[in-house]
Amino acid sequence: MARKKNVTFNDIAQYTHFSKTTISRYFNNPDSLTPENQQIISDALNKLNYKENKVAKILANGQTEFVGILIPSLSMNYYSEMLNQILASYEKYGYKFLVFAGNGHDETERRYIQELMSYKIEGLIVLSHTLSSRELSDLQIPVVAIEREDQFVSSVNTDNYLGAYEATSLLIHNHCDVLIHLNSPTKENVPAYRRLAGFQDACVKAGVPHKVIIRDFGLSYQEAAAPLQEIFDNIEQKYAGQKKGIFLSNDDHANILLNLLIRKYHTLPDDYELIGFDGAPISEQAIYPISTVGQQIDQIVDEAVSLLVSQMQERKKRHPVPLAEPVHKTVPPLLIRRQTTT
């Protein structure tokens with residue numbers, strides 16, 4: 001059986017009586033054609049059963065429709081859900097993604113970015129905290145950051161202060177005797193640092209005893225389990241007989257602490273309340289669904305990809321107008337009450 005011939009630009013030109021240049025403009029710059037001529041060519045593609053050759057298109061115009069993603073880790077639920085939502089945006093925006101999971105080492109992540117650049121990515125989404133926004137801004141492609149230092153690149157972040165303040169206020173409202181916040185070392189120019197400020201301000205305003213515990217918990221269960229066990233043991237000794245409201249900086253750590261409580265007491269004791277942060281799937285799937293500050297991940301992703309796409313498309317215009325300065329968008333959080341708060 002003879003192999004079916006691929007439809008070429010020449011075939012489309014002959015069918016429509018347009019030049020091959022006009023056909024090429026339809027694929028690479030459709031707005032340069034009248035709506036009537038766009039429709040004629042579109043109808044011809046359907047009649048001829050045209051199958052687009054993506055490789056040929058890339059070679060012709062240098063536009064890959066690839067976006068790079070640099071993410072810290074897939075071990076934590078927040079990052080895996082964020083990646084899941086970013087990949088799903090293909091249905092709306094039509095861009096494909098090349099993903100690297102960073103390891104916190106500058107040179108390694110620089111090598112990852114160079115690998116992405118070699119594939120002619122048109123833009124970059126960065127969740128990793130390793131490289132400065134100043135360095136990222138020098139890449140000469142649009143960059144959008146999510147929940148990281150962002151002075152020199154555009155970004156989309158959660159209102160971390162508001163989320164932390166509301167979570168702390170709930171623990172205060174529930175008559176906790178002492179409030180405890182667990183967090184990792186965080187620089188002041190990182191959005192998540194505002195979780196600490198929101199917690200402290202709410203506690204000071206209400207005049208309740210409180211404590212902040214800063215510890216390096218790493219990016220995996222294995223790294224976080226030991227320090228959380230140690231902290232749990234200390235809390236048990238120091239605050240025995242008091243109702244303890246614990247606000248953790250993410251849902252993974254809240255779930256680990258919940259598991260420690262259940263292993264010891266076979267239930268969630270009445271003298272503990274827990275609130276996590278992120279609204280990651282683990283918070284709902286835990287043995288006792290965990291109250292959390294829900295980052296609206298779907299909205300964050302849509303804002304980030306939309307912002308990136310608008311910049312990438314602007315660069316394709318004959319006379320592009322780049323952003324005069326980075327755009328920073330903030331998405332409000334949602335306080336989600338579940339079984340770990342009364």
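**Exercise 1. Find which residue of β2 is the bridge partner of I71, then work out how β1 pairs with its partner strands.**

Step 1. Go to I71 in this predicted model. Its bridge partner in β2 is A101.

Step 2. Now take the whole strands. β1 and β2 (residues 96–101) run parallel and are joined by six bridges.

Step 3. Try β3 (residues 123–126) next: β1 pairs with this strand too, in parallel, over four bridges. You can check two pairs yourself: G68 has L124 as its bridge partner in β3, and I69 has I125.

Step 4. Finish with burial. Five of the six residues of β1 (residues 66–71) are buried, so this strand is mostly covered.

**Exercise 2. Put the six strands of the parallel open sheet in order and say which ones stand at the edges.**

Step 1. Read across the sheet and you get β2-β1-β3-β4-β5-β11, with parallel pairing.

Step 2. Look at the two ends. β2 and β11 (328–331) each have a single partner strand, so one side of each has no neighbour in the sheet.

Step 3. Add the twist: from one strand to the next, the average is 20°.

A quick reminder about what holds such strands together: they pair through backbone hydrogen bonds, either parallel or antiparallel.

**Exercise 3. Do the same for the open sheet with mixed pairing.**

Step 1. Six strands again, this time in the order β7-β6-β8-β9-β10-β12.

Step 2. The edge strands are β7 (210–214) and β12 (334–336); each has a single partner, so one side of each is left without a neighbour in the sheet.

Step 3. The twist here averages 15° from one strand to the next.

Step 4. Pick out one pair inside the sheet. β8 (residues 244–248) and β9 (residues 272–278) run parallel, joined by four bridges. For example, I246 has L274 as its bridge partner in β9.

**Exercise 4. Check whether the span of helix α5 agrees with its number of residues, or disagrees.**

Step 1. α5 covers residues 77–88, which makes 12 residues.

Step 2. At 1.5 Å a residue, the helix should span 16 Å.

Step 3. The C-alpha atoms at its ends are 16 Å apart, so the two values agree.

Step 4. Now see which residues are tucked away: N77, Y78, Y79, E81, M82, L83 and I86 are buried in α5. While you're looking at them, remember that a helix of this kind has 3.6 residues a turn, so residues three or four places apart point the same way.

**Exercise 5. Describe the largest pocket: its volume, its lining and the elements that contribute to it.**

Step 1. Start with volume, which is about 990 Å³.

Step 2. Its lining has 36 residues, and Y79, H129, S184, P185 and L219 are the closest to the centre.

Step 3. Two elements give two or more residues to the lining: α5 and α7 (106–118).

Step 4. Sort the lining by class and you find 10 nonpolar, 16 polar and 10 charged residues.

**Exercise 6. Locate N174 and decide whether this residue is buried or exposed.**

Step 1. N174 sits in the loop between α9 (160–173) and β6 (178–183).

Step 2. Its relative accessible area is 8%. The cut-off for buried is under 20%, so N174 is buried.

Step 3. Compare with N250: the two are 76 residues apart in sequence and 21 Å apart in space, C-alpha to C-alpha.

Technical notes: Residues are numbered from 1 along each chain as its sequence is written. This is a predicted model: local features need pLDDT of at least 70, side-chain atom pairs count only at pLDDT 80 or more; totals for chains, interfaces and linings use all residues. Side-chain values use heavy atoms; hydrogens and water are left out. The expected span of a helix is 1.5 Å times one less than its number of residues. Buried means under 20% relative accessible area, exposed over 50%, partly exposed in between (1.4 Å probe, protein chains only). On a 1 Å grid over the protein atoms alone, a cavity is a set of points where a 1.4 Å probe fits but cannot get out, and a pocket is an open set with protein on both sides within 12 Å along at least five of seven lines; lining residues have an atom within 4 Å of a point. Grid points are joined across faces, edges and corners, and a volume is the space filled by probe spheres set on the points. Ala, Val, Leu, Ile, Met, Phe, Trp, Tyr, Cys and Pro count as nonpolar, Asp, Glu, Lys and Arg as charged, and the others, Gly among them, as polar. Two strands pair if DSSP finds at least two bridges between them. Axes are lines fitted to C-alpha atoms, for helices over the stretch in contact, and angles run from 0 to 180 degrees between N-to-C directions.
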